[in-house]
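Please consider the following points while viewing the model. They concern a pocket and a strand.

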Amino acid sequence: MSDGTSFLFLTGTVMKMDTVGRAAGAKYECLLFDMDDTLYPLSTGFNLACRKNIEEFMLKYLNIEESEVPRMCLELYREYGTTMAGLKVLGYEFDNDEFHAYAHGRLPYETLRPDPVLRNLLLAMPQRKIIFTNADKAHALQVLKRLALEDCFEGIICFETLNHPPLQPPALKSPILCKPSLEAFEAAIRVANLDPKKTIFFDDSARNIASGKAAGLHTVIVGNSALVPGADHALRSIHNIKEAIPEIWDGDEEQMEQVIQAAAVETVVLA
């Protein structure tokens, strides 16, 4: 478990539920957050920058015809959850770490700024809070550090978690396990020892929301003011969470106020 001073990158070891006591009086026990385009807005341009990097990798290292790269990149993403997963299905061989370093390591992280409003909200929530991302752990750490949210989450379920050998089902559509596959959600639920009925999942992707609902989670589409299939709530911005889902704080209003006051002067930054 995280002790508040470091991240736990969840692997095949099932987590114990010893932090749920914090939320004893709450309706929900855990809040499961996507990261990219969920904790920060799509308008940052990270999505497009990442796609550009992936297209350059395909052209430079996989020798795919330049005229085919943009279409192929998008189609594989839509079909397999990530372009990387689709490339593996097609038989392209490359090192996963090198792919991630090219796709994410060259992103303009300096454009991300600390988000004290979101930080205060997260620290005020009594439930367990876990990141669930398809990205690699290095990218996850860098994003959370830039947003000043490093100590707001108990752990991170990332590429390395989902593709840890004990977690992979014997028969997969792709050799890479990732959202929106139901198997990825089942692996996340298992490794984090979640009760889906008492867990809320936040994501900006409609297809991830649909899979989350199929896995039994409560679901919130972020970055959209309209509900999508499978969504229980819709948030135009993650900052609207208190107004849209006040039951997260049911019976915990006093603690919320105390934490927000403390967070206003907290300056701890973790690596």
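1. The largest pocket lies between domain 1 (28–39 + 113–250) and domain 2 (42–103), because both give residues to its lining. The domain bounds come from an automatic or database domain assignment. This is a predicted model, in which local features need pLDDT of at least 70 and side-chain atom pairs count only at pLDDT 80 or more, while totals for chains, interfaces and linings use all residues. Residues are numbered from 1 along each chain as its sequence is written, and side-chain values use heavy atoms, with hydrogens and water left out.

2. A pocket is an open set of points on a 1 Å grid over the protein atoms alone, where a 1.4 Å probe fits, with protein on both sides within 12 Å along at least five of seven lines; lining residues have an atom within 4 Å of a point. The volume of the largest pocket, the space filled by probe spheres set on the points, is about 1,100 Å³. Its lining has 50 residues, and Asp36, Asp37, Asn47, Tyr77 and Asp204 lie nearest the centre.

3. Strand β4 (residues 199–203) is largely enclosed by the rest of the structure, because five of its five residues are buried (under 20% relative accessible area, 1.4 Å probe, protein chains only). Thr199, Phe201 and Asp203 lie on one side, and Ile200 and Phe202 on the other. Strands are DSSP runs (E, at least two residues), numbered from the N terminus.

4. β4 pairs (at least two DSSP bridges) in the parallel sense with β1 (residues 30–33) over four bridges. In this pairing, leucine 31 stands opposite isoleucine 200.

Notes. Buried < 20%, exposed > 50% of the residue type's maximum accessible area, 1.4 Å probe, protein only.
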